[in-house]
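Reader: I should like to study this assembly by asking about it step by step. May we begin once the sequence and structure are in view?

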Amino acid sequence: MSSLHSPSPSLRPEERYDPFAPKGFGKFLESAGAILLGVLWILPLLFAIWAAFHAPEHTTRFTLNAPLTLENFVRAWHAAPFGRYFLNTILLVTMIFVCQVVLCTLAAYAFARFDFPGRGIAFALVLSQLMVMPDVLIVENYRTMSSIGLVDTLPGIALPYVASAFGIFLLRQTFRTVPRELDEAARIEGASALQVLLKVYVPLAKPIYVAYGLVSVSYHWNNFLWPLIITNSVEARPLTVGLQVFSASDQGVDWAIISAATLMTSAPLLIGFLLFQRQFVQSFMRAGIR
Amino acid sequence: MDRRRFLVATAASAALVRPSLAQGGPVKISFFYPIAVGGAVTRLVDNLAKEFNRLNPDVEVTPVYAGTYQETLVKVVTAHKSGTPPALSCLLSTDMFTMIDDDAVIPIDGFVKTPADKAWLSSFFPAFMANSQTGGKTWGIPFQRSTIVLYWNKEAFREAGLDPEKAPANWDEHLAFAQKLTKRDASGNVTQWGTQIPSTGFPYWLLQALALQAGDVLANSAGNRTTFNAPGVAAGLQYWLDLGQKHKAHAPGIVEWGTTPKDFFERKTAMMWTTTGNLSNVRANAKFPFGVAMLPEQKRRGSPTGGGNLMISKKVSPEQQQAAFRFARWLTEPEIAAQWSIDTGYVAVSPAAYDTARMKSYAQEFPPALVARDQLEHATAELSTHENQRVTKALTDNVQAALSGSKTVQAALNDAQTEAERILRPYR
Amino acid sequence: MKKSHSDALIGWGLMAPAMLFLIAFTHWPAIASIIESVYSTPRARRPSSFVGLDNYEQILADPVFWQSFTNNLWFAVGTIPASIFLAILMALWVNDRIPGRTFARMAYFTPTVLPMIAVANIWLFFFTPQYGLLDQVMGLIGRPATNWLGTKDTALWAVIMVAVWKEAGFFMIFYLAALQGISPVLAEAASLEGASRWTFFRRVQFPLLMPTTLFVLINAVINAFRMVDHIIVMTRGGPDNATSLLLFYIYQVGFNFWDTAYAAALTVFMLVLLAGAAAIQYGWLERKVHYS
């Protein structure tokens, strides 16, 4: 089946002849459909932008000449220690990603290239985590964290996620596509297993790391339930838990301030995505996650 | 004073400090509080803590915003179970039994020693103490307390030919006004509902008000027996249901608590029932003249109290408990309580707070500030039982079932009662 | 012989750190849940005791559990096919050279980078009766106001819609990557044989996308049992449990009622459910691996 895939998936669509490319009215229809769906899809974002830059009395009334204001951002910024939350989230996603890369690379290498007793069972154990994510095991994981004193710490949020079955699986598949000859050539030159891994396998899997990094960072930047449960203090809380300030209060929802806070907290990811979206998609393509 | 509390008190007064404090640094305590009243309050609480720390260099209070009331309870109990609770927390007064059952809270009686302390403890409105005391002990200090009041849009009243200065006094008037206030466009779609009683978040609380007015309470004060299917409760729920279903003067189905104030600002409803803690919010955001009134009466007037009490954790050092007590006491001094009430709309917790100069001048300028206080004489304790979360969920689910039309009023209340019986049986 | 010994050692050594964490935070808690579930919840005045299958009997008799379970099945039925269908459609569109594809690709992907906890509040506005966005639009075409989240019949569909919105764009990326990996030679061959575009999609592209579909399907199934952030913000499981999902109920029982033993039993049930789904899918995956 893999032979049916193009040998160089990095080929740009523009360079490709596509006999089924829509033409004329069909093209117009398709384009209109795609754009319409796109507008529907960013409607929440559009509304957030509208509400964030207008005073609360204009939140739900879309009159074009309504005066713009930055007041909501000021209110949102002062309503919670967002500086600290940003720092926590950045530390958290970095910590998780770095640990994931190290642990998953080692394990994936083992599964891809080493024969050892119990490999099948071990791999099945890994795959089982694809279905049973730590998110489901909140009650027991809380107990574990409190017994090792990691409640209300960043490592407490991170640890359940550092060994990622998804990461191991993805990297194992990639490492298996590396020609054995490269591996053996390096070994003959006297490289140790770890050196082979670092010199041969890791560089070849670079796009996978990028793609996996995106998935991991955007997931943990936005993860909520587990951080909510495991953290108590400002020192450990990530942005998402901090955002809770704005929802569900006695006084009711204030969409203006929620929107401002939402834009503020997701700005790094949003801007990052806007700037690098082509690279994002291409690294997914090179990663060949399919 | 029993032996243990005597020891606590002695330890605190003799300043038997632990090694970590031997250097003479301030006693560090954290204070978990929920925001029931919008983002700005975090700053108010931060400022209060700062002020207290300035006046009391031997104590350092760190306020920690912990989410909604629900989440704050989760945090406090979770932290208690893992051994590091905050010294002081602001929790729904109704969580008293939950905290006692988990052995997470220490009664404050042990800290009340001087005559001034005793005078302070007896200075609160009696209605607030109902949810703060059980078994002869005081477990909570009233702080962020409220009752339900009725807000009305005077402009809408005028348009509907009603006296804009007169709120409905009883159920019949409330219904008649609501019908008059309900506006429909040419195609028969409603553009403005007459009244709104929200049914997410705390539906049991609003039902309790209706039940009280119809002459029944929801539970006994020992918190181990409920009367969800009493006739008054059924009458209250029926009235609530009929407002929408039969008389078409209230939005049908379940009405979101969180959007209710916004519905009022947007003139989608001409009256709303909600917490007095919304007063400052309404004052800031309503673009029309509005009034605030006690809830209408049926057999009698009535509203449950609501809101949060300060509770001191059991699993912290005696010095921290003492420091927490001092902070709590300071927070409820008349001057602070008055300012807190002015800033938020919550009811100031003692009559003395209403005698302060700042409160008097505020009330003169803004008379609705006094409505909630005046209603206190008709108020009763908020529904609070053992396993409170579970029992209120049983009631909440069934109230929503009745209001959304999937169960009859009586069936829903019977189900809620059966479930509550099952949960509470072990506590008798 | 020598080599395979050292191989085994290195293999174990490489795998061990990841395995340690996997076991500590996935397998051990799963087993601990099972153990926990046959004891009663310790209370301050009543220590924990062995209760056998009592907690499971309680599950069977618990209407809220059954409601959450059926809700969750509907949630899965509502989100999985819809988000996969939309993801394929989006990928096909964005894969063609049409005006606006850059915008569309960006738009489809935005939900992935927005935190659910915040966006759920914005959806709350969309669903608000009367002046909410959905009702404002409905109003334009003369439809009466609908209480989307406050009516038992529509509340679950409303939260399903939010989930589909959140997921489809993420899955699109995988399909897009797969589509671009399909050799253009195939399209040429198909067009020479006079196949229509639909036939090409059905006979060539769709079968070639099967591995992606499997991968996406696994993710979609997991998400159907894992996505509860928006429930916490938008409905808290209401009205009358109409939107209560299993994980939300576990959260409620475990962290609001403090009935940890019962929460453990619920967790075990969920694990069995997920294991069942995994077994079915792993069977498929295995076959696919054989092909390639």
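Reader: Which residues of H1(A) meet Val119(C), Ile122(C), Trp123(C) and Phe125(C) in H5(C)?

Author: Please note at the outset that this is a predicted model. H5 of chain C covers residues 116-127, and its residues Val119(C), Ile122(C), Trp123(C) and Phe125(C) take part in the contact. On the side of H1(A), the partners are Pro44(A), Phe47(A) and Ala48(A).

Reader: How many residues of the contact of H1(A) with H5(C) are nonpolar, how many polar and how many charged?

Author: The contact includes Phe47(A) from H1(A) and Trp123(C) from H5(C), and both Phe and Trp count as nonpolar. Over the contact of H1(A) with H5(C), there are no polar and no charged residues, and the nonpolar residues number seven.

Reader: Are H1(A) and H5(C) roughly parallel or roughly perpendicular?

Author: The axes of H1(A) and H5(C) come within 10 Å and cross at roughly 90 degrees. Angles of 65 to 115 degrees count as roughly perpendicular. Therefore H1(A) and H5(C) are roughly perpendicular.

Reader: Is Glu30(A) buried, partly exposed or exposed?

Author: Glu30(A) lies in helix H1 of chain A, which spans residues 24-52. A residue is buried if 20 or more other C-beta atoms lie within 10 Å of its own, and exposed if 12 or fewer do. Because Glu30(A) has 19 such atoms within 10 Å, it is partly exposed.

Reader: With which residues is Glu30(A) in contact, leaving aside its neighbours within four places in sequence?

Author: One partner belongs to chain A, namely Pro22(A). From chain C come the partners Trp93(C), Asp96(C) and Ile98(C). The full list is thus Pro22(A), Trp93(C), Asp96(C) and Ile98(C).

Reader: Which helix of chain A gives the most to the side that touches chain C?

Author: The contact between these chains takes 94 residues from chain A and 98 residues from chain C. On the side of chain A, 63 residues are nonpolar, 22 polar and nine charged. With 15 residues, the helix that gives the most is H13, residues 255-287 of chain A.

Reader: How many helices and strands has chain C?

Author: Along the sequence, chain C follows a pattern written with α throughout, α-α-α-α-α-α-α-α-α-α-α-α-α. The C-alpha atoms of chain C fill a box of roughly 80 × 80 × 30 Å along the principal axes, and 53% of its 292 residues count as buried. The secondary structure of chain C amounts to 13 helices and zero strands.

Reader: What share of the residues in chain A is buried?

Author: Chain A has 13 helices and zero strands. Of its contacts with a separation of 6 or more, 75% are between residues 24 or more positions apart. Of the 290 residues in chain A, the buried share is 48%.

Reader: Over which residues of chain A is the pLDDT below 50?

Author: The mean pLDDT of chain A is 83, and 90% of its residues reach 70 or more. One stretch has a pLDDT below 50, although it has 24 contacts in the model beyond near neighbours in sequence. Where pLDDT is low, the predicted coordinates should not be read in detail. The stretch in question is residues 1-14.

Reader: What distance separates the centres of domain 1 and domain 2 of chain B?

Author: Domain 1 of chain B comprises 3-146 + 306-380, and domain 2 comprises 147-304 + 382-427. In their contact, 30 residues of domain 1 of chain B touch 29 residues of domain 2 of chain B. Among the elements that supply at least two residues each on the side of domain 1 is helix H14 (334-344). Taken over C-alpha atoms, the distance between the centres of the two domains is 29 Å.

Reader: Which residue follows H14(B), and what is its phi?

Author: Among the buried residues of H14(B) are Pro334(B), Trp340(B) and Thr344(B). The residue that follows H14(B) is Gly345(B), with a positive phi near 105 degrees.

Reader: Which residues of H9(B) make the contact with H18(B)?

Author: The axes of H9(B) and H18(B) come within 9 Å and cross at roughly 75 degrees, which means that H9(B) is roughly perpendicular to H18(B). H18(B) contributes Thr392(B), Leu395(B), Thr396(B), Val399(B) and Gln400(B). From H9(B) come Pro203(B), Tyr204(B) and Leu207(B).

Technical notes
Residues are numbered from 1 along each chain as its sequence is written. Chains are lettered from A and ligands numbered from 1 in the order in which they are written. This is a predicted model: local features need pLDDT of at least 70, side-chain atom pairs count only at pLDDT 80 or more; totals for chains, interfaces and linings use all residues. Domain bounds come from an automatic or database domain assignment. Two residues are in contact if their C-beta atoms, placed from the backbone, lie within 7 Å. Helices (H or I, at least four residues) and strands (E, at least two) are DSSP runs, numbered from the N terminus. Axes are lines fitted to C-alpha atoms, for helices over the stretch in contact, and angles run from 0 to 180 degrees between N-to-C directions. Angles under 35 degrees count as roughly parallel, over 145 as roughly antiparallel, 65 to 115 as roughly perpendicular and the rest as oblique. pLDDT is the predictor's confidence in each residue, from 0 to 100.
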